[in-house]
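Student: I am new to this structure and would like a close look at a single part. Could you walk me through one helix and its surroundings?

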Amino acid sequence: MGICKELPMPIFSDQEYAEEIRLKYRFLDLRRKKIHENIILRSKVISYIRNEMTKLGFLEFQTPILTSSSPEGARDFLVPSRLNPGKFYALPQAPQQFKQLIMVSGFDRYFQIAPCFRDEDARADRSPGEFYQLDLEMSFVEQEDVFNVVEKLMVNTFKSFSNKKLMFDKFPKISYKEAMLKYGTDKPDLRNPLIVNDITEIFTREDVSFEIFKKLVKSGSKVRCIVTKNTKDKPRSFFDNIDKWAKGEGASGLAYFTFENDKDISAKGPIGKFFSKEALLEIMKKTNCEIGDSIFMACGTKDELEKITSLARDKIARDLDLIDENIFAFCWIVDYPMFEKNELTNKIEFSHNPFSMPQGNLSEKDLKNPLEILAYQYDIVCNGIELSSGAIRNHKPELMYKLFSIAGYDKNQIDEKFSGMINALSYGAPPHGGIAPGIDRIVMLLANEKNIREVTMFPMNQNAQDLMMNAPSEVNPDQLKELNLSLKTKK
RNA sequence: GGGGGUGUAGCUCAGUUGGUUAGAGCGAUCGCCUGUCACGCGAUAGGUCGAGGGUUCGAGUCCCUUCACUCCCGCCA
């Protein structure tokens with residue numbers, strides 16, 4: 001053993017430490033029991049997945065790390081080319097185009113534990129810069145075939161590496177539209193029993209006199225609500241805290257009352273008096289709730305409601321301790337819309353992957369209502385965390401031109417930006433599709449961690465800096481000169 | 001780009017309405033004890049209270065600015 005200086009942090013301890021110290025001395029941090037075991041788990045999970053994929057007949061291939069910049073999606077990391085002055089490589093955001101080209105090449109089942117690079121801001125479950133996906137693609141398949149492979153893989157992996165129970169062995173499929181209504185998000189935590197309902201109609205009734213909501217509804221706003229079971233005995237502070245919390249989240253608040261039956265059905269709470277008995281019965285019918293339950297209501301635009309109901313579902317469930325931490329609840333989110341309208345520019349844009357196959361046989365009429373077109377695009381979600389998204393790809397160049405034209409790209413632009421892809425698809429491409437589950441997030445769930453850095457050996461901090469290696473760093477002028485680069489000094 | 005939280009010894013933290021010399025536990029160093037294993041006992045060292053400015057007779061504490069880390073929004077097809 002080498003000699004040892006005084007340690008900047010204790011190693012034999014479960015104590016939490018500032019991330020800054022942990023990341024700077026990651027080699028010491030990694031000696032600590034919990035994270036050491038997490039990293040070993042990660043290694044084992046990856047080996048297991050490799051083995052399972054190989055058994056299923058998938059071949060593992062590497063794809064280029066230095067590739068070309070793509071116009072859609074996240075910001076690219078750029079790498080200047082010495083031999084081609086003024087030109088740049090980009091690090092792949094995912095091996096998306098390559099894996100489709102692999103299908104065209106006649107390798108029908110591909111996978112890779114693929115590094116992906118995106119220059120976007122970090123979150124607790126999102127590393128800045130780089131992360132790993134189990135990237136896979138299959139030829140001559142439909143959506144169900146991909147589901148079968150991935151579902152089996154997930155079930156086996158999670159059963160092998162965790163004692164937690166799976167809520168569903170057969171993952172439920174929820175349409176994007178339904179998810180946005182019932183959960184306010186396309187990554188719902190199904191351990192949470194709370195459901196969102198739309199009760200806009202109630203506020204068009206004569207016998208409801210809650211004028212603030214009625215006025216807003218008249219001008220196009222919607223009302224959505226969350227019902228909590230048997231909360232009649234909760235103190236006033238419980239309700240007020242949630243209302244206050246909602247205001248802190250930027251919403252106008254959450255109106256609430258509790259259903260009571262004291263001689264007759266009534267609503268208890270600050271706004272209860274605005275609802276007639278008949279209106280209350282109608283709400284109870286619509287939201288499937290009973291005497292003793294409470295209701296929280298928000299009014300606003302669709303976007304505003306989705307945001308606040310999603311957060312409120314989580315907040316209320318935590319306050320009421322409704323989430324069983326010993327369960328994994330998987331689901332598929334399906335039927336994503338092909339396009340969406342950008343509210344700022346009013347332009348039609350691809351809502352997810354522009355290379356996805358639209359559903360059905362598109363007539364000219366369908367193309368005139370692009371927002372109605374659904375795609376064979378899907379996500380897999382576990383406990384409210386998006387594990388991956390995938391799609392059946394569009395392997396028909398003519399159809400692709402049509403779809404891109406809706407999003408405002410002409411043929412020349414597509415030929416230029418996606419030349420390799422379009423060219424390949426015009427030589428007899430097989431129908432194909434795939435998906436790419438996030439390895440880091442899978443291990444994070446299995447390790448029961450809330451932060452992705454706890455399952456990453458040498459992570460960067462939130463500002464995309466490696467505090468141990470001092471990356472990114474300045475380079476010497478000779479290097480820049482060789483690359484034909486000069487720097488504008490900031491400020 | 002925006003909002004919240006945190007920042008006091010190597011580490012984790014306490015520090016009252018602004019008041020004299022800023023403390024504790026762990027760790028470190030030295031010594032003693034010891035079939036020890038999160039040993040025990042004693043002593044010692046260790047502080048720009050994140051940084052800068054302001055208010056005040058007096059600032060760890062109040063005000064302003066700024067930096068770092070972190071969580072969230074935007075962003076991540």
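Tutor: Happy to! One term will help us: contact means heavy atoms within 4.5 Å. Please keep in mind that this is a predicted model.

Let's look at helix H8, which runs over residues 236–248. H8 has 13 residues, and from its first C-alpha to its last it reaches 18 Å, close to the 18 Å expected at 1.5 Å a residue.

Next, which residues of H8 are buried? They are Phe238, Phe239, Ile242, Asp243, Trp245 and Ala246. These buried residues cover an arc of only 160° around the axis, which puts them on the same side of H8. The spacing in an α-helix helps here: with 3.6 residues a turn, residues three or four places apart point the same way.

What covers that buried side? Strand E10 (255–262), strand E12 (294–300) and helix H10 (302–319) are among the elements that cover the buried residues of H8.

Now turn to the face of H8 that looks away from its buried side. Here you will find the exposed residues Arg236, Lys244 and Gly248. As a cut-off for reading these words, buried means under 20% relative accessible area, and exposed means over 50%.

Finally, follow the chain past the end of the helix. Just after H8 comes glycine 250, with a positive phi of about 95°.

To put the picture together: Trp245 is one of the buried residues of H8, Lys244 is one of the exposed residues on the face turned away, and strand E12 is part of what covers the buried residues.

Definitions and conventions. Residues are numbered from 1 along each chain as its sequence is written. Chains are lettered from A and ligands numbered from 1 in the order in which they are written. This is a predicted model: local features need pLDDT of at least 70, side-chain atom pairs count only at pLDDT 80 or more; totals for chains, interfaces and linings use all residues. Side-chain values use heavy atoms; hydrogens and water are left out. Helices (H or I, at least four residues) and strands (E, at least two) are DSSP runs, numbered from the N terminus. The expected span of a helix is 1.5 Å times one less than its number of residues. Buried means under 20% relative accessible area, exposed over 50%, partly exposed in between (1.4 Å probe, protein chains only). The arc is that of the directions from the helix axis to the C-beta atoms.
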